[in-house]
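Could you walk me through this structure? I'd like to start with a single residue and work outwards to the sheet and the cores.

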Amino acid sequence: EKVFSDYCQFLGDNSAVTYLPSSTFWYGMVPGQQASFSLPRNIAIENGFETLAEQSDADVIDISLTLDRIEGIKHKDQRNIHFIVASGDNKHHFQLALTDEVQGAAANMVMADPKDPTQIAAPLGGQVEQIQPAGTSVAEGDTLAIIVAMKMEVTVKAPFDCQVEALEVDVGATAQEGCLLCRVKKA
């Protein structure tokens, strides 16, 4: 009962999220992913889309939201998330600063840049069981790291022939999904 009342309170406080497509609302977005939805003009204005609403006379504003990138944690628990919002030919970039509620060692992990193939990311959250040491040469498809989550081992493979330049996590560490495990350079 408490969970449902908290959920209803959240929807009341954040009315625009109810207009998101279901998969975006429930599962979030990954960098490069786009969600399209329509907002009544008054909801668009109330939720920070004034610029888009002002450029249209329509009662309903069609909006395209693209998650551009997520920065790593910069100041203890703060990270910036970058979006591109568009309606018709009008496109705007905006940045949202969020407080990451993750506590402990995982709160200080650097997130991998998904656009940089030399940054190897954790495919899921879990414990780092194995990771190749810095300086190790690895052939394409060979194991770079092993992450264990809920008794399941996930092998992180080298995307190309490479050498491990630097480690960002140690064996035994708890990795967040998307965090930077290591940096590699092409061999």
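Let's begin with L96, which sits in strand β4, spanning residues 90-99. This is a predicted model, by the way, so everything here is computed from its coordinates. Is L96 buried or exposed? Neither, quite: its relative accessible area is 37%, and because buried means under 20% and exposed over 50%, L96 counts as partly exposed. Setting aside neighbours within four places in sequence, L96 is in contact with R79, N80, I81 and F83. R79 lies 17 residues away from L96 along the chain, with 8.4 Å between their C-alpha atoms.

Now for the sheet. Four strands form an open sheet in the order β9-β8-β6-β11, paired antiparallel. At its edges are β9 and β11 (174-175), each of which pairs on one side only. Between β8 and β9 there are 6 bridges, in the antiparallel sense, and I146 has T155 in β9 as its bridge partner.

What about the interior? The largest nonpolar core has 24 residues, and V128, I131, L144, A175, C179, L181 and V184 have the most contacts inside it. Two or more residues each come from β6 (126-131), β8 (143-149), β9 (152-157), β10 (162-167) and β12 (180-186). Of these, β8 gives the most, with 4 residues. Take L144 as an example: beyond residues up to four places away in sequence, L144 touches I120, Q130, I131, Q132, V138, V156, K157, A158, P159, V164 and V184. Apart from that core lies another, of 17 residues, including L20, I43, I63 and V85.

Conventions. Residues are numbered from 1 along each chain as its sequence is written. This is a predicted model: local features need pLDDT of at least 70, side-chain atom pairs count only at pLDDT 80 or more; totals for chains, interfaces and linings use all residues. Side-chain values use heavy atoms; hydrogens and water are left out. A nonpolar core is a set of buried Ala, Val, Leu, Ile, Met, Phe, Trp, Tyr and Cys residues joined through side-chain atoms within 4.5 Å. Buried means under 20% relative accessible area, exposed over 50%, partly exposed in between (1.4 Å probe, protein chains only). Contact means heavy atoms within 4.5 Å. Two strands pair if DSSP finds at least two bridges between them.
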